[in-house]
Each structure stands twice: as C-alpha cells, then as structure tokens.
Number of protein chains: 2
Amino acid sequence: MTLPPHAGRPGTGANGTGSIDGRAGRTGTAAPVTRAIPEATVARLAVYLRMLGELAEQGADTVSSEELATVSGVNSAKLRKDLSYIGSYGIRGVGYEVRSLHHQIERTLGLDEQQAVAVVGIGNLGHALAGYGGFGGRGFPVTALFDIDPDLVGIHINGILVEHVRDIPRVCGERGVTIGLVATPGPAAQSVCDQLVAAGVRCILNFAPVVLQVPPQVEVRKVDLAVELQVLAFHVARRREAEAAGVLEGSAAPVAALPTNGSGPTGGHEAVNGTAVS
Amino acid sequence: MTLPPHAGRPGTGANGTGSIDGRAGRTGTAAPVTRAIPEATVARLAVYLRMLGELAEQGADTVSSEELATVSGVNSAKLRKDLSYIGSYGIRGVGYEVRSLHHQIERTLGLDEQQAVAVVGIGNLGHALAGYGGFGGRGFPVTALFDIDPDLVGIHINGILVEHVRDIPRVCGERGVTIGLVATPGPAAQSVCDQLVAAGVRCILNFAPVVLQVPPQVEVRKVDLAVELQVLAFHVARRREAEAAGVLEGSAAPVAALPTNGSGPTGGHEAVNGTAVS
DNA sequence: TACTGTGAAGGCTTTCACAGCC
DNA sequence: GGCTGTGAAAGCCTTCACAGTA
C-alpha cells in the first residue's frame with residue numbers, strides 16, 4: 001500500500017478547510033479588492049447565484065438577505081457574511097438588486113467565460129451526465145465523451161461523439177477542455193485522470209470510488225453517492241435508537257401528519273420526469 | 001417568498017455544523033460507550049469502510065493508520081482521531097486489524113441492517129441511479145421507482161417496476177422504504193418529498209436544485225452537480241489569474257510532465273465502462 | 001424604519017506532539 | 001522501535017448583536 005511518487009492532495013467533495021485568495025481584480029473596471037473567500041462560502045455563492053437567476057426570471061428587482069437566505073437554505077447572517085466577502089453590493093433598508101448581485105457573483109466565480117467539459121466513462125452515470133442539458137445552459141458545455149468499450153465508441157449522445165480514451169490528450173487539447181468528469185469504475189479512474197491532466201485539464205470532478213493522485217496545480221472534487229447514503233443510514237440508525245429509548249411507537253409509517261400539498265418555491269404542481277441531473 | 005409553515009432545516013451535502021450523539025450501545029455485546037461523533041467524521045468513516053473492504057479483498061490482515069489514511073485521502077492524525085471516536089480498536093506498534101475495524105465501523109454507521117431505497121424521477125439521473133448495482137451490494141437495495149410520465153410508468157429497470165408517483169405512500173409503506181432519492185426537476189421536488197415523508201421515509205438524498213422543507217425528524221442531504229462544477233470553475237479562474245500575474249506561459253496543454261501509467265490501488269489496467277455511479 | 005455590513009464571540013474541526021503500549 | 005490514542009493548541013466557520021445607512 002505505498003503510493004506513487006506524484007502524490008497530491010485529494011479532493012473530498014465536502015472539503016473541510018482552507019480559504020481562498022480570490023482577487024477579483026480583472027481587466028477593465030476592477031471591483032473592490034475583495035480577497036480570501038472561504039471555501040465554504042464559494043460553494044454557497046453558487047447556490048445564491050442559481051436562486052438569484054430564478055428570482056430574476058420571476059421578475060423580482062430586489063431581494064432581502066432574509067428572503068434570499070430562506071430559499072437558499074441558510075440563515076440570513078451567514079448569507080450577509082458570505083456576500084460581504086465579494087463586496088458591498090446591498091442597499092441598507094432595501095436589500096440587494098437581483099440582477100446586479102447575480103452579475104457580481106458570476107464574476108467572482110469566474111463564470112463569465114465558458115468552460116468546456118469532458119465526460120470519461122459512459123456507463124450509467126456517465127451517460128446521464130452526458131445527456132444532461134443543464135450544464136450547457138450554465139456555461140459548462142459538454143464537449144467530449146470518452147470510453148474504451150467498442151460498443152460505445154462511435155455512438156453519439158446528444159449529438160456528441162463518444163471517442164476512445166486513448167484520444168483524450170488530442171481531443172481535449174483541440175477543444176480546449178478545462179474540466180473533466182471521471183465516471184469510470186474505480187480501477188480505471190487514476191489512469192484516466194493522468195491522461196486528462198496530461199491533456200491540460202486542471203479541474204476534475206471524480207465520481208469514482210478512489211482517491212485520485214494529481215499534481216498540485218490540479219483541483220479535484222469528489223462526489224460519492226455511496227458515502228451520502230451511508231451518512232443517511234447512520235442518521236436512520238441513530239433515530240431508531242433514540243426512539244427505542246424514548247417514546248415507544250409502532251414500526252411502520254410512523255410520521256403521519258404533514259400537509260401533502262406541494263410547497264416548492266415555484267408552486268406545487270406535479271411535473272415529474274424529464275432531464276433531472278443536478 | 002415566504003415559506004410554508006412546516007419549515008425544517010435544509011441539508012447541504014457539505015454540511016457545516018453539528019456533532020452527533022452516536023451511542024453505539026446495542027443488543028448483545030455492547031461496545032465501549034462511544035458518544036458524540038462529529039458529522040465530518042461520520043462522512044469519513046464511510047470512506048474508511050470502503051477502503052477496508054478493498055484491503056480485506058486483497059487479503060490484508062492489518063493496516064497502519066498511515067496506510068489507511070493515504071488510500072482514503074486524509075492524513076494519519078485525522079484518521080486516528082476519527083477512529084478514536086468509535087473506540088480503541090488498534091494495536092500499538094502494529095496497526096488495525098482490517099476485518100475487525102471494518103466490522104466496528106459498519107456497526108457504528110448502522111449498516112448491519114439493510115435500508116430499502118426508493119428513486120423518484122426516472123429521468124437521466126434517476127435512471128442511472130436505478131440501474132446502479134453498487135447500492136444493493138452495500139446494503140441499500142433499490143426497491144421502488146416512481147415517475148409520472150405514462151411512458152415510463154409500467155416499464156422495468158433492473159427488474160424493478162416504475163410506478164406512479166401517486167402510489168408513493170402505499171408502495172413505500174408496503175416495502176419498508178427508509179431512504180428516498182429525489183431526482184425530479186426542481187418544481188416537482190417538494191411535492192414528491194412531502195409524499196415520501198408522509199409515507200414514513202425519514203432520510204432523503206436530494207438531487208433537485210431546490211431546498212426541501214421537511215419536518216425536523218427527517219434528514220435531508222443535497223447533491224448538487226452544478227454547484228460542484230461552479231466551485232471548480234472558480235478554481236480555474238483563480239489559477240488563471242495567478243498565472244497571468246506570475247510566470248507567463250503558453251495557453252494550451254501546459255502541464256506536460258507526469259507518468260501516464262495507471263496507479264490506482266488495484267493496479268493500472270484500463271477497464272473503462274460498465275456501471276459507474278459512485 | 002428596515003435592512004445591510006461587520007467586529008467579536010463561540011463552536012467545530014484539524015493539526016500538533018507526545019505519552020502509552022505492543 | 002513503531003504505532004496508536006489523545007489532550008492541547010490553532011484555525012476555520014458560524015452565529016450574535018449592533019452600528020451604520022438609505
């Protein structure tokens with residue numbers, strides 16, 4: 001169990017630590033100096049951004065920290081603190097101007113230019129990722145697909161050709177891919193990752209159940225569905241014990257009371273189907 | 001933008017706060033009292049568990065904190081601290097007995113009994129989740145599938161019938177579903193969630209881009225792929241700025257040097273394809 | 001008046017470093 | 001000698017509470 005020499009730091013999806021020297025200074029009208037955005041804040045900014053987009057679609061002009069916080073699932077103090085890292089774009093007594101704040105967050109996250117995405121491993125999940133329309137709409141066009149299965153190489157998904165893994169360096173170079181999604185089985189992941197890195201890809205989202213070793217200039221984040229389920233299972237078990245120790249109850253269908261009407265931000269009508277990644 | 005009365009706490013995937021009163025006491029030979037496992041530790045225990053499983057398959061009897069930490073992507077101090085929350089199962093001067101530690105973590109996470117899983121929303125992602133074989137192998141058999149699209153209701157995926165969303169309460173009750181995966185479009189998610197909760201489901205993994213409102217006894221975790229990509233994009237942008245300010249370089253394929261051989265724990269041969277969620 | 005922006009306080013998590021044990 | 005288990009220190013992150021402003 002010793003490791004290869006090019007050991008790097010792993011990405012963990014729910015990363016614990018570290019703040020970020022995020023200078024927003026850029027060509028043209030520079031924003032107030034704004035530095036050191038905490039990692040945790042960056043993740044939430046992405047959420048605020050989406051909610052602001054929805055608010056804008058609904059025609060809202062301004063939003064208070066309380067409102068935006070509620071739909072984003074945080075408390076208003078945290079939201080204000082988060083926004084304070086990118087500058088003072090609010091109006092006291094009023095709130096935030098929706099479109100302007102949207103723009104500022106977009107700029108801070110570096111979303112003013114598109115990032116070409118490659119998906120490697122067109123299995124169940126890879127196929128779903130390749131077919132997901134939402135990435136392109138958010139500035140992440142899926143631009144290349146790879147696998148080694150001869151039955152898959154050559155087919156098109158959403159108009160994109162599946163190519164052989166051996167062509168990763170050439171294709172990614174040609175198309176300027178900057179983000180790679182690794183959706184291969186575990187044993188293949190490191191090899192694929194190395195090829196992506198060799199092709200100049202600097203950011204990798206890893207769905208494979210291994211810790212990828214990368215050089216320091218490459219950023220990895222990990223999404224691990226099995227871990228998510230196990231954390232949930234832990235909470236089920238805890239709850240069950242608490243119940244057993246506390247109010248003894250029947251076992252099946254215990255929760256009962258709760259309004260069964262819809263209550264999402266957009267209303268309550270059913271529309272289950274369609275493309276549903278993310 | 002006011003909220004429905006049954007507001008609960010949101011789940012955030014990368015949850016920030018809170019430790020957990022995880023008593024391990026149980027019928028039979030009780031383990032040392034072991035309480036208050038931090039949330040962050042629980043998530044990592046799930047990773048250690050998987051790595052221990054792989055080590056066991058490879059025939060390892062013992063493993064040191066350093067080795068297990070490396071393959072899990074953490075440092076050894078953190079690993080030892082994490083393990084100390086569940087008890088003292090290591091042997092000084094030697095390491096941990098692989099099978100015994102595996103068992104202890106399994107017990108702590110409440111994985112000694114199976115949890116039936118329902119997937120709601122059989123779109124791109126839902127289909128991938130439904131077809132993923134890995135859940136069943138880890139004690140999370142996918143037991144029910146739901147959608148409202150008439151073209152989907154009635155078909156089978158991996159031998160499981162897709163049923164109508166309106167039957168969630170009945171079917172989940174009958175089959176003892178304890179975990180629900182919400183993979184619907186945003187607008188449908190809250191309604192579906194309410195039905196799952198009414199059916200007695202206590203844990204929900206939410207892939208929809210909304211914050212679900214649930215009563216306090218229900219646990220929600222959120223997986224948001226768009227957010228993951230945006231966080232990566234932020235790092236790309238940051239890096240690009242640093243580069244522009246520092247060593248001026250060519251733009252395409254800059255990373256270059258790196259061994260292109262495989263180096264995952266299991267070896268380096270290619271085998272890209274097959275079922276590849278998580 | 002209503003709401004933002006932010007120092008300060010409090011918690012949680014990670015890291016350090018070393019005592020204790022095999 | 002080597003490795004685990006763990007107090008203590010340090011670092012992040014969240015929450016509080018209120019000054020400041022449109």
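**Exercise 1. Place B:Glu228 and follow its contacts**

Start with burial. B:Glu228 has a relative accessible area of 13%, so it is buried (under 20% relative accessible area; exposed is over 50%, partly exposed in between; 1.4 Å probe, protein chains only). The model is predicted: local features need pLDDT of at least 70, side-chain atom pairs count only at pLDDT 80 or more, and totals for chains, interfaces and linings use all residues. Residues are numbered from 1 along each chain as its sequence is written, chains are lettered from A and ligands numbered from 1 in the order in which they are written, and side-chain values use heavy atoms, leaving out hydrogens and water.

Next, the element. B:Glu228 sits in helix α9 (residues 225-245) of chain B. Helices (H or I, at least four residues) and strands (E, at least two) are DSSP runs, numbered from the N terminus.

Then the partner. The side chains of B:Glu228 and A:Arg221 share a polar contact of 2.6 Å (a pair of N or O atoms within 3.5 Å; within protein, one must be able to donate a hydrogen and the other to accept it, and residues adjacent in sequence count only if both atoms are side-chain atoms).

**Exercise 2. Analyse the salt bridge of B:Arg221 and B:Glu39**

Take the distance. The closest N and O atoms of B:Arg221 and B:Glu39 are 3.4 Å apart. That fits the salt-bridge criterion: a side-chain nitrogen of Lys or Arg within 4 Å of a carboxyl oxygen of Asp or Glu.

Locate the ends. B:Arg221 is in strand β12 (residues 219-222) of chain B, B:Glu39 in helix α1 of chain B; 182 residues separate these distant parts of the chain. Both B:Arg221 and B:Glu39 are buried.

Look for a network. A:Glu39, A:Arg221 and B:Glu228 are joined into one by salt bridges that share partners.

**Exercise 3. Which chains does the salt bridge of A:Asp224 and B:Arg50 join?**

Distance: the closest N and O atoms of A:Asp224 and B:Arg50 are 2.0 Å apart. The pair crosses between chains, from the loop between β12 (219-222) and α9 (225-245) of chain A to helix α1 (residues 39-57) of chain B.

Burial: A:Asp224 is buried at 8% relative accessible area. B:Arg50 is buried at 7% relative accessibility.

**Exercise 4. Explain the spacing of A:Glu174 and A:Arg170**

Their side chains form a salt bridge (3.3 Å, N to O). A:Glu174 and A:Arg170 are about one helical turn apart because they lie four residues apart in helix α7 (residues 168-175) of chain A.

Check accessibility. A:Glu174 is exposed at 55%. A:Arg170 is partly exposed at 43%.

Count to finish: the structure holds 18 salt bridges over all chains.
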